[in-house]
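Here is a short briefing on one protein chain, grouped by topic. Please keep the model open while reading.

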Amino acid sequence: MSKAKEGFLRVILTMVVALAIGALLIIGIGENPIEAYGALLNGAFNGKFRLGTTLAGFTPLLLTSTAFAIAAKAGAFNVGVEGEVFLGGIVAAYIGINWTFLPKPLLMIACFLGAMAVGALWAFIPAALKAFYDVSEVCTTILMNTVALHITSYLVSGPMSAGTANAQTLPVTVTLHQFMTPSSANVGIFIAIAAVIAVIFMLYKTSWGYKIRTVGGNPIHADYVGISSKKVFIGAMMLSGVLGGMAGCIEVLGVHGYFLNNFATGLGSNGMLAALIVKNNMFATPFMAFFLAVLSAGGMGMQQMTGVPKALVDTIAAVFIIIATMETLFTFKKRRDVRLARKEKEGQS
C-alpha cells in the first residue's frame, strides 16, 4: 500500500472512531448527534464567511503540522514551532512597516524571506545543542517558545507599539489579498500548499530527503554510510523553522495586517497534534490539519444552533490523542513481544 493511501486511510479511520465516541457523548447529554454534526458542518462550510474562516484557520495549521512532521522525519521532536511563528510574524511586520523604500512586490518577498530566515535561525539553536552536546530539543524548544513570546510581547508593547489599547504594531504597508471577504481567507493558503508540496517532493524524491529519512531511522547507520547525521538533523530542524516563520508571515500579512500580541497561541501545539495523530505521515498530515480546522471553525456554530457546548470539540480532539497513544502502546507491546520471543529462542539454542 502506498504511503499516501495508507496515510489517508488512517485519517479516515481516526475521524470515524473519534466522531463515533463524540456521538455517544452528545447522546449522553440528551442531544441529537446528527443535528449536532450537521450544525458543525454548517458552521464550517455554509456561506463564504464560514468557509473562508475555515480556510484561514487551516493555512497556519497546514504549515505548522508539516513543520513538526519534517523535523520528526530526522528524529527531532520540535516543540518550538510556535516560537518560530511568533518571531517570523514580528520580523515580517517590521519589514512590512519600515522597508517602504522597496517596491511592493519586492517588499512582499522581503517579508517572507525575513520571516523564514529568523525561523530557521531560531530552530538552529536547539538543533545544534542536540547535535553537538546532546541537549534535549524537547526541553530547549519548550523554553525557547516562552522566550520568543516574551521578545515579541516586549517589541509590540514598546519599540514597535502602535499605541493602541491592544498590544499591536502599526499596519504593514503590503498585504496578501483576501479573496473570501468578509472572512480572512487569503492567497497565503496557496503559498502554504505550494510549500508543503515542495517539502513532500524533497523528502521522497531527492537525495537530501533520503538523507533525512535515513538519519531519522538510524543516525548511527547514516554516519556509517557517510551521511553526516548532525548536519542533516540541523538542516531538517532549520527547514521546520522556515515553515514556522512562513506561517507567521502569512498570519501577519494575510489575516491581521499587523502583528497582534499572542496571535499565534495554540498554532504550534495544534499543528503538532495534527502531525502526531497520523504518526508524522507527510501525506496524511494536511488532511488531519484540515479536519482540526473544520472542528475549530464549526464548533461555535454547533454551540449556537444546538445545546452541544463547543468544549465537546476539544473532547473530540482529546480522543484523537488517546487513539494515537493507544496505537503507539500497541506498537511497543508488539516490539516487546518480538524481543522476548527472540530471547527465548536464543536461550533454547
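T306 is found in the loop between α12 (285–305) and α13 (311–348); helices (H or I, at least four residues) and strands (E, at least two) are DSSP runs, numbered from the N terminus. The model is predicted: local features need pLDDT of at least 70, side-chain atom pairs count only at pLDDT 80 or more, and totals for chains, interfaces and linings use all residues. Residues are numbered from 1 along each chain as its sequence is written, and side-chain values use heavy atoms, with hydrogens and water left out.

**The loop residue T306**

- T306 has a relative accessible area of 16%, so it counts as buried. Buried means under 20% relative accessible area, exposed over 50%, and partly exposed in between (1.4 Å probe, protein chains only).
- The T306 side chain makes a polar contact with the backbone oxygen of M302, at 2.6 Å.
- A polar atom of the same T306 side chain lies 3.2 Å from the backbone nitrogen of V308.
- A polar contact is a pair of N or O atoms within 3.5 Å; within protein, one must be able to donate a hydrogen and the other to accept it, and residues adjacent in sequence count only if both atoms are side-chain atoms.
- Leaving aside neighbours within four places in sequence, T306 is in contact (heavy atoms within 4.5 Å) with E35, A36 and A39.

**Overall architecture**

- The chain has 13 helices and zero strands.
- Of its 349 residues, 49% count as buried.
- Among contacts in the chain with a separation of 6 or more, 75% join residues 24 or more positions apart.

**Internal cavity**

- How many cavities of 30 Å³ or more does the count give? The count comes to one.
- A cavity, on a 1 Å grid over the protein atoms alone, is a set of points where a 1.4 Å probe fits but cannot get out; lining residues have an atom within 4 Å of a point.
- The largest cavity holds about 50 Å³ of space. Grid points are joined across faces, edges and corners, and a volume is the space filled by probe spheres set on the points.
- Its lining includes L55, A56, T59 and P60, along with S184, A185, N186 and I189. I250, E251 and V255 also line the largest cavity.
- α3 (48–73) and α10 (229–256) each supply at least two lining residues. α3 gives the most, with four.
- The lining of the largest cavity divides into seven nonpolar, three polar and one charged residue. Ala, Val, Leu, Ile, Met, Phe, Trp, Tyr, Cys and Pro count as nonpolar, Asp, Glu, Lys and Arg as charged, and the others, Gly among them, as polar.

**Salt bridges**

- Side chains of opposite charge can pair when their charged atoms come close.
- The whole structure has two salt bridges. Each is a side-chain nitrogen of Lys or Arg within 4 Å of a carboxyl oxygen of Asp or Glu.
- D134 pairs with K130, the closest N and O atoms being 3.5 Å apart.
- K130 also meets E137 in a salt bridge, at 3.9 Å from N to O.
- K130, D134 and E137 are thus linked in a network of salt bridges.
- Exposure varies across the network: D134 is exposed at 59%, K130 is partly exposed at 27%, and E137 is buried at 6%.

**Two buried helix residues**

- F86 is found in α4 (residues 81–98). Its relative accessibility is 2%, so F86 counts as buried.
- Not counting residues up to four places away in sequence, F86 touches seven residues, L149, T152, F259, N262, F263, A264 and T265.
- F86 and A247 are 161 residues apart in sequence, yet 9.0 Å apart in space, C-alpha to C-alpha.
- S240 is found in α10, buried at 0% relative accessible area.
- The S240 side chain reaches the backbone oxygen of A67 at 2.7 Å.
- Beyond residues up to four places away in sequence, S240 touches A67, F68, I70, A71, N78, V81 and E84.

**Backbone details**

- A cis peptide bond joins T181 and P182, with omega about 10 degrees. P182 lies in the loop between α6 (137–157) and α7 (188–205).
- K279 is a residue other than glycine with a positive phi, near 55 degrees. K279 sits in the loop between α11 (267–277) and α12, and is partly exposed at 38% relative accessibility.
- N280 also has a positive phi, near 60 degrees. N280 lies in the loop between α11 and α12, buried with a relative accessible area of 14%.

How values were computed
1 Å grid on protein atoms, 1.4 Å probe; cavity = no way out; pocket = protein on both sides within 12 Å on 5 of 7 lines; lining within 4 Å.
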